[in-house]
Amino acid sequence: MKLVIHGKNIEITDAIREYVHQKIEKAVSHFQNITNQVDVHLSVARNPRISTKQAAEVTIYANGSVIRAEESSESLYASIDLVADKITRQLRKYKEKRQDHQTQPISTNEIVAPETVAADLIGDRIAELPEEVVRTKYFSMPPMTLAEAQEQLQLVGHDFYMFHNAETGEINVIYERNHGGFGVIQPRNNGNGKNGKSANVGVAEKSKV
């Protein structure tokens with residue numbers, strides 16, 4: 001298993017490096033058969049208004065899946081402890097879902113239903129772009145079903161997840177809706193998409209996948 005440590009606004013000392021190895025390796029010790037690489041990102045916020053300045057983020061690449069956890073506190077070592085516990089729970093959940101998939105395959109027809117995209121997606125809100133790009137991430141994008149994308153969304157801990165739709169060959173985004181369920185953003189292909197749909201949003205009630 002490869003473990004890589006990155007730092008932002010912080011020097012990665014030997015003591016910090018040793019502590020990360022100790023905690024994270026212990027957290028993934030029972031899941032090394034499915035873990036390929038572990039990236040640990042440690043950072044300190046420079047904004048004095050942020051009380052929880054010390055953050056630890058762990059991203060695990062496991063057999064084509066990405067599992068992510070992040071925690072922050074006033075102490076970097078406490079953040080590492082918290083994220084180690086959280087990533088263990090995420091890995092356990094991932095392993096249990098893999099076992100469920102082997103015994104109970106799920107049809108994607110039961111998960112996603114089409115819904116027309118609203119003409120105005122932002123309503124009365126004012127769209128604002130950040131002043132600068134503060135971080136760039138690169139990750140592999142193997143084809144997956146909507147059910148697998150829904151699972152990945154829950155594993156990475158984000159509000160949305162971009163994926164390569166195995167059925168259409170397109171890049172889609174699945175996200176959690178504010179009022180429950182999930183939505184899928186698809187590109188408009190003037191009706192020439194492989195799935196015969198244009199600008200649809202898929203909605204699904206949350207369910208175990």
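These are my notebook entries on a predicted model of one protein chain.

**Entry 1: the layout**

I started with the overall fold and counted 3 helices and 10 strands in the protein chain. Going along the sequence, I wrote down the order as β-α-β-β-β-α-β-β-α-β-β-β-β. Of the 209 residues in the protein chain, 37% are buried. I also checked how far contacts reach: among those between residues at least 6 apart in sequence, 49% join residues at least 24 apart.

**Entry 2: how far to trust it**

Before going into detail I looked up the confidence. The average pLDDT of the protein chain is 76, and 68% of the residues score at least 70. Among the elements, α1 has the highest mean pLDDT, 94, and strand β10 (residues 200–204) the lowest, 41. I marked two stretches for caution. Residues 106–121 have a pLDDT below 50, with 26 contacts in the model beyond near neighbours in sequence. Residues 195–209 stay under 50 too, and there the model has 53 contacts beyond four places in sequence. My reminder to myself: where pLDDT is low, the predicted coordinates should not be read in detail.

**Entry 3: helix α1**

With its high score, α1 was my next stop. The helix has 14 residues and spans 20 Å from its first C-alpha to its last, close to the 20 Å expected at 1.5 Å a residue. Which residues of α1 are buried? I found Ile16, Tyr19, Val20, Ile24 and Ala27. Looking down the axis of α1, I saw these buried residues fall within an arc of 110°, so they line one face of the helix. That made me recall the general rule: an α-helix has 3.6 residues a turn, so residues three or four places apart point the same way. On the other side of α1, Asp14, Glu18 and Lys26 are exposed.

**Entry 4: one aromatic pair**

I searched the whole structure for aromatic pairs and got 1. The ring centres of Tyr19 and Tyr77 are 4.8 Å apart and the planes meet at 80°, so I logged the pair as edge-to-face. The two partners come from distant parts of the chain: Tyr19 is in helix α1 (residues 14–27) and Tyr77 in helix α2 (residues 76–103), 58 residues apart. Are the partners buried or exposed? Tyr19 counts as buried because its relative accessibility is 19%, under the 20% cut-off. Tyr77, at 33%, counts as partly exposed.

**Entry 5: the cores**

The largest nonpolar core has 28 residues, and those touching the most other members are Val20, Ile24, Val40, Leu42, Val58, Ile60 and Ile67. I listed the elements that give two or more residues to this core: β1 (2–8), α1, β2 (37–44), β3 (54–62), β4 (65–73) and α2. The largest share, 7 residues, comes from α2. I then followed Val58 outward. Leaving out neighbours within four places in sequence, Val58 is in contact with Ile24, Val38, Asp39, Val40, Ile67, Arg68, Ala69, Val83 and Ile87. Apart from this core lies another, of 11 residues, and among them are Met144, Leu146, Tyr161 and Ile174.

**Entry 6: helix α3**

Next I turned to α3, which is mostly covered, with 9 of its 11 residues buried. The buried ones are Leu146, Ala147, Ala149, Gln150, Glu151, Gln152, Leu153, Leu155 and Val156. I picked out Gln154, which lies in helix α3 (residues 146–156). Gln154 counts as partly exposed because its relative accessibility is 24%. Gln154 and Glu176 are 22 residues apart in sequence, and their C-alpha atoms are 9.4 Å apart in space.

**Entry 7: two single residues**

Which phi does Asn9 have? The value is positive, about 60°, although Asn9 is not a glycine. I noted this down because most residues other than glycine have a negative phi. Asn9 sits in the loop between β1 and α1, and its relative accessible area of 37% makes it partly exposed.

My last look-up was Ile185, in strand β9 (residues 182–185). Ile185 is partly exposed, with a relative accessible area of 45%. Not counting residues up to four places away in sequence, Ile185 touches Asn172, Val173 and Tyr175. The C-alpha atoms of Ile185 and Val173 are 5.0 Å apart, though the two residues are 12 apart along the chain.

How values were computed:
Residues are numbered from 1 along each chain as its sequence is written. This is a predicted model: local features need pLDDT of at least 70, side-chain atom pairs count only at pLDDT 80 or more; totals for chains, interfaces and linings use all residues. Side-chain values use heavy atoms; hydrogens and water are left out. Rings of Phe, Tyr and Trp (its six-membered ring) pair if their centres lie within 6.5 Å; planes under 30 degrees apart count as stacked, over 60 as edge-to-face and the rest as tilted. Helices (H or I, at least four residues) and strands (E, at least two) are DSSP runs, numbered from the N terminus. Buried means under 20% relative accessible area, exposed over 50%, partly exposed in between (1.4 Å probe, protein chains only). The expected span of a helix is 1.5 Å times one less than its number of residues. The arc is that of the directions from the helix axis to the C-beta atoms. A nonpolar core is a set of buried Ala, Val, Leu, Ile, Met, Phe, Trp, Tyr and Cys residues joined through side-chain atoms within 4.5 Å. Contact means heavy atoms within 4.5 Å. pLDDT is the predictor's confidence in each residue, from 0 to 100.
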